[in-house]
Amino acid sequence: MPDLATLGQEKSNLIKALQEQQKEEGYISDQAIKDISREFDMAPVEVEGVVSFYTQFKRVKPGKYKIQVCDGTACHIKGSKLVLNWAQDHLGIAEGETDEEGLFSLDAVACLGCCSLAPVISINGKVYGDLTRKKLLKILQDYRAREEDE
Ligand code: FES
């Protein structure tokens, strides 16, 4: 019979390795799945199973600009779902996706800690609040324009 304590320790080490990987690259790539499965002497499909079980792990490479739409309580009440829809329509991607250019990725997240500014988004950690559709689109267009100038 397998030693449950050892199995538990191995799983916790596996999760730590995946967390480290995600911290480095921002997601869990196919190559990372292969490397980690080799390291832990597991089938890639087993590692894939662990990754898909925990919502903290992302399999999609994030964009250069990581947009987080707050869906905490205050933002939810003030229309975070609309903000997410506006961003999705404008960028042509769904929540959890990255656009084809690899410029923007979009995620809904828990409270960003600026509830008095609800509804709020952050882009690479910079917070934008009191959003309206017009304000959001202007912010996104400014990022795109900045990119085209570079
Ligand atoms: S609920 Fe959105 S910042 Fe707190």
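**Entry 1: the α2/α3 pair**

I started with how α2 passes α3, and I find a right-handed crossing. A reminder to myself before going on: this is a predicted model. Helix α2 covers residues 30-39 and helix α3 covers residues 44-53. I looked up their axes next; they come within 8 Å and cross at roughly 115°. Angles of 65 to 115 degrees count as roughly perpendicular, so I can note α2 and α3 down as roughly perpendicular to each other.

Which residues of α2 meet α3? I listed I33, K34, I36 and S37 on the α2 side. Their counterparts in α3 are P44, E46, V47 and E48. Sorted by character, the residues of this contact come out as four nonpolar, one polar and three charged.

**Entry 2: domains**

I checked the domain assignment of the protein chain, which gives domain 1 as 4-53 and domain 2 as 65-149. I also looked up how far apart they sit: the C-alpha centres of domain 1 and domain 2 are separated by 30 Å.

**Entry 3: the sheet**

Next I traced the strands. Four of them form an open sheet, and I read their order as β2-β1-β3-β4 with mixed pairing. The edges are β2 (104-109) and β4 (126-128), each of which pairs on one side only. From one strand to the next, I find an average twist of 25°.

A general note for my own use: strands of a sheet pair through backbone hydrogen bonds, either parallel or antiparallel. I then went through the partners of β1, which spans residues 65-70. How many bridges join β1 to β2? I count six, and the two strands run parallel. Within this pairing, K66 has S105 of β2 as its bridge partner, and C70 has V109 of β2. Towards β3 the picture changes to an antiparallel pairing, with three bridges from β1. There I noted I67, whose bridge partner in β3 is I123.

**Entry 4: α5 on the sheet and beside α6**

Back to the parallel pair: six bridges join β1 to β2. Helix α5 (residues 80-91) packs on the sheet, where I see α5 touching β1, β2 and β3 (121-123). The direction of α5 makes about 150° with that of β1.

I then asked at what angle α5 and α6 pack. Helix α6 takes in residues 133-149, and the angle is about 40°, with the two axes 10 Å apart. That makes α5 oblique to α6. The crossing of α5 past α6 is right-handed.

For the contact itself, I wrote down V83, W86, A87 and H90 from α5. From α6 the list is R133, L136, L137 and L140. By character, the residues of the α5 contact with α6 divide into six nonpolar, one polar and one charged.

**Entry 5: two loop details**

Is the peptide bond from A118 to P119 cis or trans? I looked, and the bond is cis, with omega near 0°. P119 has its place in the loop between β2 and β3.

Which loop holds N124? I found N124 in the loop between β3 and β4. I flagged this residue for its backbone: phi is positive at about 50°, although N124 is not a glycine.

Methods
Residues are numbered from 1 along each chain as its sequence is written. This is a predicted model: local features need pLDDT of at least 70, side-chain atom pairs count only at pLDDT 80 or more; totals for chains, interfaces and linings use all residues. Two strands pair if DSSP finds at least two bridges between them. Helices (H or I, at least four residues) and strands (E, at least two) are DSSP runs, numbered from the N terminus. Axes are lines fitted to C-alpha atoms, for helices over the stretch in contact, and angles run from 0 to 180 degrees between N-to-C directions. Two residues are in contact if their C-beta atoms, placed from the backbone, lie within 7 Å. Angles under 35 degrees count as roughly parallel, over 145 as roughly antiparallel, 65 to 115 as roughly perpendicular and the rest as oblique. A crossing is left-handed if the near helix is turned anticlockwise from the far one by less than a right angle, and right-handed if clockwise. Ala, Val, Leu, Ile, Met, Phe, Trp, Tyr, Cys and Pro count as nonpolar, Asp, Glu, Lys and Arg as charged, and the others, Gly among them, as polar. Domain bounds come from an automatic or database domain assignment.
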